[in-house]
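Labels such as buried or salt bridge rest on cut-offs. The questions below ask how each label is earned.

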Amino acid sequence: MTTAEASSKVLEQVFHNIRQATDANLKLQQEVVRQWSALLPISVPQSAWTETVRKFQSEWAATVSELAHKHREVIDQQFKAAIESLDAALKVSESTTPEEYRRRAEKLCRKTIDCMREFSEAQIREFQEAVTKWTEVATKAGT
C-alpha cells in the first residue's frame, strides 16, 4: 500500500466519522425537540391560550433567528477550515521527498482531527444553548 493510498484511507475514515457524528447529533436534536414539544401547555382558557400562543410564537421566532445566525457563524468557520485543509492537502502532493511528504501528511491529519474536535465541541455548545433557550421559551409560555 502506498503512502497516498494510506492517506486516502485515513481521510475517508475521518469523513465517515464526521458523517456518523453529524447523523447522531441530528437524531439527538430531533428527539429533544419531540420531547420538548410535549411540554407545551394545552389546557388553558381560549383567550389566555391565544395570547400565550402569540407570545410563544414571537419568542420562538426571535430564538430561532438568533440560533440561525450563530449556526451560520459556525458553518462559516467550518467552511474556512475546509478551504485551509484543501490547501494543505494540495501542498502535501507538492512534496519533493518522502520525509517531507510524511511530515506534511502528518500535519494535515493532525489539523483535520483538531478541526473535527473543535467543530464537534462547537456543535455541542450550540445544541446546549438551543435547548436552554427553547426551555426558557417553553417555560415562559407555560406560565
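**Reasoning from the values**

Residues 24 or more positions apart account for 74% of the contacts in the chain with a separation of 6 or more. The model is predicted. Its mean pLDDT is 79, and 88% of the residues reach 70 or more.

Q: What pattern does the chain follow, read along the sequence?
A: The pattern is α-α-α. The chain has three helices and zero strands.

Q: Which helix has the lowest mean pLDDT, and which the highest?
A: Helix α1 (residues 3-37) has the lowest, at 77. Helix α3 has the highest, at 82.

Q: Why is Ala105 called buried?
A: Its relative accessibility is 12%. Buried means under 20%, so Ala105 at 12% counts as buried. Ala105 sits in helix α3 (residues 98-142). Its C-alpha lies 8.6 Å from that of Ala88, a residue 17 positions away in sequence.

Q: Why does the pair Lys133 and Glu66 count as a salt bridge?
A: The closest N and O atoms are 2.4 Å apart. The limit is 4 Å, so Lys133 and Glu66 qualify.

Q: What makes this pair a tie between separate parts of the chain?
A: Lys133 lies in helix α3 and Glu66 in helix α2, so the salt bridge ties together parts that are 67 residues apart in sequence.

Q: How do Lys133 and Glu66 rank, buried or partly exposed?
A: Lys133 has 17% relative accessibility, so Lys133 counts as buried. Glu66 has 32%, so Glu66 counts as partly exposed. The cut-off for buried is under 20%.

Q: What makes Lys111 and Glu84 a salt bridge?
A: Their side chains meet at 3.5 Å, N to O. That is within 4 Å, so the rule is met. The pair links distant parts of the chain, with Lys111 in helix α3 and Glu84 in helix α2, 27 residues apart. Lys111 is partly exposed at 31% relative accessibility. Glu84 is partly exposed at 33%.

Q: Which residues do salt bridges with shared partners join into one network?
A: The network holds Glu66, Lys70, Glu129 and Lys133.

Q: How do you know that Asp76 and Arg72 form a salt bridge?
A: The N to O distance is 3.9 Å. The limit is 4 Å, so the pair counts. Asp76 and Arg72 both lie in helix α2, four residues apart, about one turn of the helix. Asp76 is partly exposed at 44% relative accessibility, and Arg72 is partly exposed at 46%.

Q: How many salt bridges does the rule give?
A: The count comes to ten.

Q: Why does Glu59 have no salt bridge?
A: The nearest side chain of opposite charge, Lys55, is 4.3 Å away. A salt bridge needs a distance within 4 Å, so Glu59 and Lys55 do not qualify. Glu59 is nonetheless buried. Glu59 lies in helix α2 (residues 46-93) and touches Val137 and Lys140, leaving aside residues up to four places away in sequence.

Q: What makes up the largest nonpolar core?
A: Seven residues do: Trp36, Phe56, Leu67, Ala130, Trp134, Val137 and Ala138. Helices α2 and α3 are the elements that give two or more residues. Helix α3 gives the most, with four.

Q: Which residues does Trp134 touch, not counting residues up to four places away in sequence?
A: Trp134 touches Val33, Trp36, Trp60, Thr63 and Leu67.

Notes. Residues are numbered from 1 along each chain as its sequence is written. This is a predicted model: local features need pLDDT of at least 70, side-chain atom pairs count only at pLDDT 80 or more; totals for chains, interfaces and linings use all residues. Side-chain values use heavy atoms; hydrogens and water are left out. Buried means under 20% relative accessible area, exposed over 50%, partly exposed in between (1.4 Å probe, protein chains only). Lys and Arg count as positive and Asp and Glu as negative; His and the chain ends are not counted. Contact means heavy atoms within 4.5 Å. pLDDT is the predictor's confidence in each residue, from 0 to 100. A nonpolar core is a set of buried Ala, Val, Leu, Ile, Met, Phe, Trp, Tyr and Cys residues joined through side-chain atoms within 4.5 Å.
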